[in-house]
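Hi,

Here is the structure I promised to pass on. Have a look, and my notes come right after.

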Amino acid sequence: MSIKDQVKVHAGTIGFAVLLVINFLFLRQNSFRFFNFYDMCFDLDGGWRILNGQHPHTDFICFTGPVHLYMHALFFKIFGFGKTAIFSYLITGSSLVMFFIFWMTRRAVPLGISLLATALTMTSFYWSVSHPWHNQTAMLWEILALTLWVRSMGSLTSKSAVRLAFTCGTLMTIAVMTKTNEGLIYALLFFVLFLFSSYRWQLLVGYC
């Protein structure tokens with residue numbers, strides 16, 4: 001097989017890898033350009049407190065669910081409390097959501113449109129303000145659930161419908177515990193999707 005033919009076969013992988021590199025380079029330049037104390041301190045402080053053995057809503061006050069704070073604590077545990085952990089959180093979250101969008105759209109639309117959707121996701125996720133917000137963390141679980149739903153369409157059985165809905169319900173619970181209002185919107189969306197789908201009873205039982 002010639003190099004040209006190999007490029008055609010692996011065009012999707014190559015295109016996605018290029019987008020990952022672009023995203024990495026942009027976030028490396030755009031992150032830490034400014035710090036809004038009132039908006040950006042709560043999750044950093046909460047993650048640091050959890051890392052030191054405190055518990056949200058018990059030892060300190062926070063206005064969101066605890067999942068986002070525990071995610072910060074996890075990266076602080078791995079990389080230490082500092083810029084490396086925050087930047088790793090940015091890269092991990094944005095790369096995962098890009099992969100979910102690419103994987104969700106790859107079979108349904110032509111490659112160019114799939115890469116375009118991935119590129120739009122890349123620029124709209126963390127590019128405007130390059131800081132790991134609880135909004136984007138909640139959306140990570142929501143997009144993962146939506147990706148699993150889209151990828152399973154056309155191949156559901158009664159058993160797989162229950163498992164899929166249970167997984168989506170779990171992800172929606174995590175999303176609600178990350179950012180309540182955003183998680184509830186997606187939770188309602190999945191309830192409506194399951195209500196008007198085949199295997200609706202299996203889906204609803206698994207979801208609940």
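Below is what turned up on one helix pair and some aromatic rings.

First, the small print: this is a predicted model, where local features need pLDDT of at least 70, side-chain atom pairs count only at pLDDT 80 or more, and totals for chains, interfaces and linings use all residues. Residues are numbered from 1 along each chain as its sequence is written, and side-chain values use heavy atoms, leaving out hydrogens and water.

The axes of helix H2 (residues 11-30) and helix H5 (residues 83-105) come within 11 Å and cross at roughly 150 degrees. That makes the two roughly antiparallel (angles over 145 degrees). Contact (heavy atoms within 4.5 Å) involves residues including Phe16, Leu20 and Phe24 of H2, and Phe87, Met98 and Phe102 of H5.

On to the rings: there are 13 aromatic pairs (ring centres within 6.5 Å). Phe190 and Phe194 both sit in helix H9 (residues 180-195), 4 residues apart, about one turn of the helix. Their ring centres are 5.9 Å apart with planes at 55 degrees, so this pair is tilted (neither under 30 degrees, which is stacked, nor over 60, which is edge-to-face). Phe190 has 0% relative accessibility and so counts as buried (under 20% relative accessible area, 1.4 Å probe, protein chains only).

Phe194 also pairs with Tyr207, centres 5.2 Å apart and planes at 85 degrees, so that one is edge-to-face. Since Phe194 lies in H9 and Tyr207 in helix H10 (residues 200-207), the pair ties together parts 13 residues apart in sequence. Both Phe194 and Tyr207 are buried.

Cheers

Conventions: Axes are lines fitted to C-alpha atoms, for helices over the stretch in contact, and angles run from 0 to 180 degrees between N-to-C directions. Angles under 35 degrees count as roughly parallel, over 145 as roughly antiparallel, 65 to 115 as roughly perpendicular and the rest as oblique. Rings of Phe, Tyr and Trp (its six-membered ring) pair if their centres lie within 6.5 Å; planes under 30 degrees apart count as stacked, over 60 as edge-to-face and the rest as tilted. Buried means under 20% relative accessible area, exposed over 50%, partly exposed in between (1.4 Å probe, protein chains only).
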